[in-house]
Amino acid sequence: MTELPGFVSIREVGPRDGLQNEEPIPTEAKVRLLDTLSRTGVRRIEAVSFVHPKAIPQMADADEVWQRAAKVDGVNYSALVPNTRGAQRALTAGFTEIEVVVSASDTHNRRNVNRGTDESLDDIAELIDLLHGAGATAEVIIATSFGCPYEGDIDPGRVAAIVDRVVRDGADRVAFGDTTGMGTPRRVRDLLAAVRERNADIPVLLHFHNTRGTALANLLTALEFGITEFDASVGGLGGCPYAPGASGNLATEEAVHMLHDMGIDTGIDLDALIEAAKLAEELTARRLPSGVLRAGPRTHLTPHP
């Protein structure tokens, strides 16, 4: 049996990736959710994205949200940017961990940022230089890594070739986004094998959606490959505005619940996280998909030694 890691790092993406697919909520509500999550023990939070308000109106108040948020010691906050203007805004706001995104699917990339994948990769090369010059790190997120709503299956070799390019251009980490929730354990194995064969040393993070109910199975498969960094969203918030039919992200509390019962630490207080999920449900005024949120209190497991 494959030896599993003793610790997994979860980046909470509800404040950005989660809320960008919801009806806009007030700035004060966003700050309240961000601050509540900062007190759960999570060590990484994707706080905001600096995008044009016409593209993602839910993130129009990113500067104000970040200015008003209570930054908690020991929590690393990151921001997503689509271009040079967004990167400059993030740097001015004080972020030192910045994410940029490109789609493995050319069609999805054009729907998302109105340019082809190769054009975006050229822009990202310049962005990496800009971020490094300002003392920030650059994570490249490869969306539609496991499938595209417009093109269908994505060849793992295509994703591996994109990794080749961004590693050559200086990316500090790569992340693979299951934008449509098409990921399965088989697809996870195929992708990680293709990438590791060519770039074994680049830090890797995985971002799963739960559209088809496979997110936890995919997480376990990635654990068996030695991956220890994952995105998850409180309550299962999220989706993708440019991926029709994509439902929410892997719920953070579902991931933490499973990992703790497997004896894998996350540093996160599950009870505090569940309270944050209840807050997210209140603020969005809708029933969130998290199974842990629906379960009774006696079914919440404590970490198994």
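## Leu-206 and the nonpolar core

Leaving aside neighbours within four places in sequence, Leu-206 is in contact with Phe-146, Phe-176, Leu-192, Ala-222, Ile-227, Glu-229, Phe-230 and Asp-231. The model described here is predicted.

Leu-206 also belongs to the largest nonpolar core, which holds 88 residues. Within this core, the residues that touch the most other members are Leu-206 together with Phe-95, Val-140, Ile-142, Phe-176, Leu-219 and Phe-230. Among the elements that supply the core, helix H11 (residues 270-284) gives the most, with 8 residues.

## Helix H9 and its surroundings

Helix H9 spans residues 215-224, and its buried residues are Ala-215, Asn-218, Leu-219, Thr-221, Ala-222 and Leu-223. Two of these names recur in the account of the core: Leu-219 is listed with the residues that touch the most other members, and Ala-222 is one of the contacts of Leu-206.

The buried residues of H9 pack against two helices, H8 (185-198) and H10 (252-261), and against two strands, S7 (204-207) and S8 (229-232). Just after H9, the backbone at Gly-226 takes a positive phi of about 90 degrees.

## Packing of helices H5 and H6

Two packed helices are described by the angle between their axes and the distance between the axes. For helix H5 (residues 106-113) and helix H6 (residues 117-133), the angle is about 60 degrees and the axes are 8 Å apart. H5 is therefore oblique to H6.

On the H5 side, the contact is made by Asp-106, Asn-109, Arg-110 and Val-113, while H6 contributes Thr-117, Glu-119 and Ser-120. By residue class, this contact comprises 1 nonpolar, 3 polar and 3 charged residues.

Helix H6 also contains Gly-133. Because its relative accessibility is 69%, Gly-133 counts as exposed. The C-alpha atoms of Gly-133 and Asn-21 are separated by 32 Å, and the two residues are 112 places apart along the chain.

## Lys-30 in helix H2

Lys-30 is located in helix H2. Is this lysine, Lys-30, buried or exposed? Lys-30 counts as buried, because its relative accessibility is 7% and the limit for burial is under 20%.

The side chain of Lys-30 makes a polar contact with the side chain of Asp-61, at 2.7 Å. Not counting residues up to four places away in sequence, Lys-30 touches Leu-19, Ile-25, Gln-58, Met-59, Asp-61 and Val-65. Ser-49 lies 19 residues from Lys-30 along the chain, and their C-alpha atoms are separated by 13 Å.

## Thr-40 in the loop after H2

The loop between helix H2 (27-38) and strand S2 (44-49) contains Thr-40. With a relative accessible area of 2%, Thr-40 is buried.

The side chain of Thr-40 reaches the backbone nitrogen of Val-42 at 3.4 Å. Residues up to four places away in sequence not being counted, Thr-40 touches Gly-267, Ile-268, Asp-269, Ala-272, Leu-273 and Ala-276. Helix H11, the element that gives the most residues to the largest nonpolar core, covers residues 270-284.

## Ser-78 in strand S3

Strand S3 (residues 76-81) includes Ser-78, which is buried, with a relative accessible area of 2%.

Apart from residues up to four places away in sequence, Ser-78 touches Arg-11, Ile-45, Glu-46, Ala-47, Val-48, Phe-95, Glu-97 and Glu-99. One of these, Phe-95, is listed with the residues that touch the most other members of the largest nonpolar core.

Note on methods: Residues are numbered from 1 along each chain as its sequence is written. This is a predicted model: local features need pLDDT of at least 70, side-chain atom pairs count only at pLDDT 80 or more; totals for chains, interfaces and linings use all residues. Side-chain values use heavy atoms; hydrogens and water are left out. Axes are lines fitted to C-alpha atoms, for helices over the stretch in contact, and angles run from 0 to 180 degrees between N-to-C directions. Helices (H or I, at least four residues) and strands (E, at least two) are DSSP runs, numbered from the N terminus. Angles under 35 degrees count as roughly parallel, over 145 as roughly antiparallel, 65 to 115 as roughly perpendicular and the rest as oblique. Contact means heavy atoms within 4.5 Å. Ala, Val, Leu, Ile, Met, Phe, Trp, Tyr, Cys and Pro count as nonpolar, Asp, Glu, Lys and Arg as charged, and the others, Gly among them, as polar. Buried means under 20% relative accessible area, exposed over 50%, partly exposed in between (1.4 Å probe, protein chains only). A polar contact is a pair of N or O atoms within 3.5 Å; within protein, one must be able to donate a hydrogen and the other to accept it, and residues adjacent in sequence count only if both atoms are side-chain atoms. A nonpolar core is a set of buried Ala, Val, Leu, Ile, Met, Phe, Trp, Tyr and Cys residues joined through side-chain atoms within 4.5 Å.
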